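Here is a short report on one protein chain. Look over the sequence and the model first, then read on.

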Amino acid sequence: MRIKINSITQLGAIAKVVRKNQDLSQELFAATAGFGERFIREVEKGKSTAEIGRVFRQLSELGVNVWLDIPDSVSQQDILNMLEKQNAGSVVIVKDDGHD
């Protein structure tokens with residue numbers, strides 16, 4: 001599945017769903033991916049840094065969309081529920097037809 005997103009909050013919510021779908025705790029994911037747990041928590045909560053915030057704003061101003069290819073094992077409803085829970089706004093979901 002592909003999802004059009006336009007904020008770090010949406011990105012964080014989706015990252016959290018995907019991590020949980022893979023049965024990874026924040027601690028294990030941080031250790032195996034080489035990140036600090038604090039960083040994982042902050043991203044999943046949608047904490048915007050000046051740099052990433054500027055990147056999204058700049059891309060948006062340019063009409064560039066950011067799409068995520070989500071594994072088929074992740075439920076669309078789980079993603080929509082997390083986005084709503086985190087007040088992340090609406091997204092455009094496009095079912096992958098198998099073509100690039």
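In what order do the elements of the protein run from the N terminus on? The order is β-α-α-α-α-β-α-β. Note that this is a predicted model.

## Overall make-up

The protein has five helices and three strands. It has 100 residues, and 28% of them count as buried. The protein exposes about 6,700 Å². Carbon and sulfur atoms supply 49% of that area.

Now the contacts. Take those in the protein with a separation of 6 or more: 76% of them come from residues 24 or more positions apart.

## Helices H2 and H3

Two packed helices are described by the angle between their axes and the distance between the axes. Helix H2 covers residues 26-33, and helix H3 covers residues 37-44. Their axes come within 8 Å and cross at roughly 115 degrees. The crossing of H2 past H3 is right-handed. On the H2 side, Gln26, Glu27, Phe29 and Ala30 make the contact. On the H3 side, Glu37, Ile40, Arg41 and Glu44 do so.

## A nonpolar surface patch

Trp67, Val92 and Val94 make a nonpolar patch on the surface. The patch measures about 220 Å². Val94 lies in strand E3, which spans residues 92-94.

Is Val94 buried, exposed or partly exposed? Val94 counts as partly exposed because its relative accessibility is 34%. Buried would require under 20%, and exposed over 50%.

Definitions and conventions
Residues are numbered from 1 along each chain as its sequence is written. This is a predicted model: local features need pLDDT of at least 70, side-chain atom pairs count only at pLDDT 80 or more; totals for chains, interfaces and linings use all residues. Side-chain values use heavy atoms; hydrogens and water are left out. Patches are made of residues with over 30% relative accessible area and no salt bridge: like charges are joined within 9 Å, nonpolar side chains (Val, Leu, Ile, Met, Phe, Trp, Tyr) within 5 Å. Accessible areas come from the Shrake-Rupley method with a 1.4 Å probe; for residues, only the protein chains shown count as cover. A salt bridge is a side-chain nitrogen of Lys or Arg within 4 Å of a carboxyl oxygen of Asp or Glu. Helices (H or I, at least four residues) and strands (E, at least two) are DSSP runs, numbered from the N terminus. Buried means under 20% relative accessible area, exposed over 50%, partly exposed in between (1.4 Å probe, protein chains only). Contact means heavy atoms within 4.5 Å. Axes are lines fitted to C-alpha atoms, for helices over the stretch in contact, and angles run from 0 to 180 degrees between N-to-C directions. A crossing is left-handed if the near helix is turned anticlockwise from the far one by less than a right angle, and right-handed if clockwise.
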